[in-house]
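The following exercises concern one protein structure. Please study the sequence and the model before reading each solution.

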Amino acid sequence: MASAATVDLDGNPIKPMTICMIGAGGFIGSHLCEKLMAETPHKVLAVDVYNDKIKQRVDYAEISRKFWLCC
């Protein structure tokens, strides 16, 4: 049986996708970005009007393959 982290509710495998995180510079958005990148195979496109907040909150240098910053 496949692990719960790699299948959806119907038991189908989850393919890696790009997730657009709007408001990624805030407290909740930045933590969600880090969690998604650390625990899933998905890539994150972070969008916020405050790009300096995102740069401070998310250490994207080590995870640049999975993270894009749009301001």
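**Exercise 1. Surface and confidence**

How much area does the protein expose, and what percentage of it do carbon and sulfur atoms supply? State also how confident the prediction is.

Solution. The exposed area of the protein is about 5200 Å². Carbon and sulfur atoms supply 59% of this area. The model is predicted, and its confidence must therefore be read together with its geometry. The average pLDDT of the protein is 76, and 65% of the residues score at least 70. By element, confidence is highest in strand β1 (residues 18-22), with a mean of 90, and lowest in α2, with a mean of 63.

**Exercise 2. The order of the elements**

Determine how many helices and strands the protein has, and give their order.

Solution. Step one is the count: the protein has two helices and three strands. Step two is the order: starting at the N terminus, the elements follow one another as β-α-β-α-β. Step three concerns the contacts. Among contacts with a separation of 6 or more, 48% join residues 24 or more positions apart.

**Exercise 3. The nonpolar core**

Identify the residues of the largest nonpolar core and the elements that give two or more residues to it.

Solution. Begin with burial: of the 71 residues in the protein, 23% are buried. The largest nonpolar core has eight residues, namely Met-21, Ala-24, Cys-33, Leu-36, Met-37, Val-44, Ala-46 and Phe-67. Two or more residues of this core come from each of α1 (27-39) and β2. Helix α1 gives the largest share, three residues. A general tendency may be recalled here: nonpolar side chains in soluble globular proteins tend to be buried together.

**Exercise 4. The salt bridge**

Which side chains meet in a salt bridge, and where do the two residues lie?

Solution. The structure contains one salt bridge. The partners are Glu-39 and Lys-35, with 3.1 Å from N to O. Both residues belong to helix α1 and are four residues apart, which is about one turn of the helix. To classify their exposure, compare each relative accessible area with the cut-off of 50% for exposed residues. Glu-39 has 54% and is therefore exposed. Lys-35 has 46% and is therefore partly exposed.

**Exercise 5. Two residues between α1 and β2**

Is His-42 buried or exposed? Describe its surroundings, and then treat Thr-40 in the same manner.

Solution. His-42 is located in the loop between α1 and β2. A residue is buried if its relative accessible area is under 20%. The value for His-42 is 10%, so His-42 counts as buried. Leaving out residues up to four places away in sequence, His-42 touches Ile-14, Lys-15, Pro-16, Met-17, Ile-19 and Lys-66. A polar atom of the His-42 side chain lies 3.1 Å from the backbone nitrogen of Met-17. Lys-15 is 27 residues from His-42 in sequence, while their C-alpha atoms are 8.3 Å apart.

Thr-40 is also placed in the loop between α1 and β2. Its relative accessible area is 23%, so Thr-40 is partly exposed. The side chain of Thr-40 reaches the backbone oxygen of Leu-36 at 2.3 Å. Apart from neighbours within four places in sequence, Thr-40 is in contact with Lys-35 and Lys-66. The C-alpha atoms of Thr-40 and Thr-6 are 8.6 Å apart, although 34 residues separate the two along the chain.

**Exercise 6. Two aspartates**

Which backbone nitrogen does the side chain of Asp-48 reach? Contrast the burial of Asp-48 with that of Asp-8.

Solution. Asp-48 sits in the loop between β2 (43-47) and α2 (51-57). The side chain of Asp-48 reaches the backbone nitrogen of Ala-24 at 3.4 Å. Ala-24 is itself one of the residues of the largest nonpolar core. With a relative accessible area of 13%, Asp-48 is buried.

Asp-8 belongs to the segment before β1. A polar atom of the Asp-8 side chain lies 2.9 Å from the backbone nitrogen of Asp-10. With a relative accessible area of 32%, Asp-8 is partly exposed, whereas Asp-48 is buried.

Note on methods: Residues numbered from 1 in each chain as written. Predicted model: local features only at pLDDT ≥ 70, side-chain atom pairs only at ≥ 80, totals over all residues. Heavy atoms only, no water. Buried < 20%, exposed > 50% of the residue type's maximum accessible area, 1.4 Å probe, protein only. Contact = heavy atoms within 4.5 Å. Areas by Shrake-Rupley, 256 points an atom, 1.4 Å probe, with all protein chains shown as cover. Polar contact = N/O pair within 3.5 Å; in protein donor to acceptor, adjacent residues only side chain to side chain. Core = buried A, V, L, I, M, F, W, Y, C linked by side-chain atoms within 4.5 Å. pLDDT = per-residue confidence, 0-100. Salt bridge = Lys/Arg side-chain N within 4 Å of Asp/Glu carboxyl O.
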